[in-house]
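This report looks at how side chains pair up in one protein model. The sequence and the structure come first, and the account of the contacts follows.

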Amino acid sequence: MTEDDDVDDARDDELLTIGAFAARARLSAKALRLYDRMGLLVPAHVDEATGYRYYRTRQTERARLVALLRQLDMPLAKVAEVVHADGPGAAVLLDAYWAGVEARVAGQRTLADYLRGRLSGRSSEVYGKFVVETVDVPAQVVISETRHTLAGELPAWIGASLTRLEEAARGCGGVTAAPFVVYHAEVSMESDGPAESCVPVADEAAARAWSEERGRARQSQVRVEPARRLAYTRITKAQVAHPQILAAFEAVEEWVAAQGLTVAGPCREVYFADWEASGPEDPVCDIAFPVS
């Protein structure tokens, strides 16, 4: 070890008052006290008589890391996870947090577009962004769950119910088409539907045996969904959130009326993509109405 190394080590071990350390770390003394309480940045020494906090010079790097993470609007609890993780693990945690931020911003962007159209009285311009087409869907056997639920509880229920039904489908010949959710009545913050999660399966006999075994659990049933023509528009993961998803429903309804068609059944959401693997801008869902 050289003399210069000894000098550097001595500087790293130098004790600084909270004011001096705050200036060096570009943080306020108030923030340092908060980070101490959170266990994010604990002083190297606290004077028992005066309660004054002192920090080592080498703690500056962690202090600046905390400050940078806070500039990402990262909650303090998440900051604590990152700074206490090892290098690669901390990077993984940061990536996961930022993916969530991007998903939230994408959802807020679509919501702002939807509200802008509403508030400006130019809803038709918003609807024009959706491409509406028709598709003929053959009759199919489905296993399903039905539930009365408000919009706030809907995403969690859809995910859980479709997961249960897809697991059950393994014993019913497998899944034959994209799962979908049928809205038999309005689902909003005030109205609770009901909604019905459906998974098409291959083996009707096995499906009916499953239904008998399940009984009334979760209002499960098996039924034959008749052949239908659907008018639909495809939306991204960010657009699925309520209330911006309403713009997609309204766009399809407007298109159906403009084409002189008639809505011939309850509307639905058809989930054709891997939700967890999809990014905010990836297409994941068709908003559809049966038409005649």
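How many salt bridges does the structure hold? The model, which is a predicted one, holds ten salt bridges. Three of them are set out in the table below, with the closest nitrogen and oxygen atoms of each pair given as a distance.

| Salt bridge | N to O distance |
|---|---|
| Asp36 and Arg53 | 2.9 Å |
| Arg223 and Glu196 | 3.0 Å |
| Asp286 and Arg234 | 2.7 Å |

**Salt bridges between elements**

Asp36 and Arg53 meet through their side chains in a salt bridge, and because Asp36 lies in helix 3 (residues 29-37) while Arg53 lies in strand 3, the pair ties together parts that are 17 residues apart in sequence. Asp36 is buried, its relative accessible area being 19%, whereas Arg53 counts as partly exposed at 22% relative accessibility. The cut-off between the two classes is 20% relative accessible area, so the two residues fall on opposite sides of that boundary.

The salt bridge between Arg223 and Glu196 joins two strands: Arg223 belongs to strand 8 (residues 220-225) and Glu196 to strand 7 (residues 195-201), so that parts 27 residues apart in sequence are tied together. Both partners are buried, Arg223 at 18% relative accessibility and Glu196 at 1%. This pair also belongs to a wider arrangement, since a network of salt bridges links Glu196, Arg223, Glu225, Arg228 and Arg268.

Asp286 forms a salt bridge with Arg234, and here strand 11, which holds Asp286, is tied to strand 9 (residues 228-236), which holds Arg234, across 52 residues of sequence. Asp286 is buried, with a relative accessible area of 9%, while Arg234 counts as partly exposed at 45%. Arg234 has a further partner, for it lies over the face of Phe272, at 4.1 Å from the ring centre.

**Aromatic pairs**

A search of the whole structure finds four aromatic pairs. One of these is formed by Phe21 and Tyr55, whose ring centres are 4.5 Å apart and whose planes stand at 5 degrees, so the pair is stacked. Phe21 lies in helix 2 (residues 18-25) and Tyr55 in strand 3 (residues 53-56), so this pair ties together parts that are 34 residues apart in sequence. Phe21 and Tyr55 are both buried.

Phe249 and Phe289 have ring centres 6.1 Å apart and planes at 85 degrees, so that pair is edge-to-face. Phe249 is part of helix 10 (residues 245-258) and Phe289 is part of strand 11 (residues 283-291), so the two rings tie together parts that are 40 residues apart in sequence. Phe249 counts as buried at 10% relative accessibility, and Phe289 counts as buried at 6%. Ring pairs also bring in Tyr183, which is linked with Phe249 and Phe289 into a cluster.

**The surroundings of Val135**

Where is Val135 found? Val135 is in strand 4 (residues 132-137), and at 34% relative accessibility this residue counts as partly exposed. Leaving aside residues up to four places away in sequence, Val135 touches Arg228, Arg229, Leu230 and Tyr232; one of these, Arg228, is also a member of the salt-bridge network that includes Glu196 and Arg223. Ala112 is 23 residues from Val135 in sequence, but the C-alpha atoms of Val135 and Ala112 are 30 Å apart in space.

Key
Residues numbered from 1 in each chain as written. Predicted model: local features only at pLDDT ≥ 70, side-chain atom pairs only at ≥ 80, totals over all residues. Heavy atoms only, no water. Helix = DSSP H or I, 4+ residues; strand = E, 2+ residues; numbered from the N terminus. Buried < 20%, exposed > 50% of the residue type's maximum accessible area, 1.4 Å probe, protein only. Contact = heavy atoms within 4.5 Å. Phe/Tyr/Trp six-rings, centres within 6.5 Å; stacked < 30°, edge-to-face > 60°. Lys NZ or Arg CZ within 6 Å of the ring centre and 35° of its normal. Salt bridge = Lys/Arg side-chain N within 4 Å of Asp/Glu carboxyl O.
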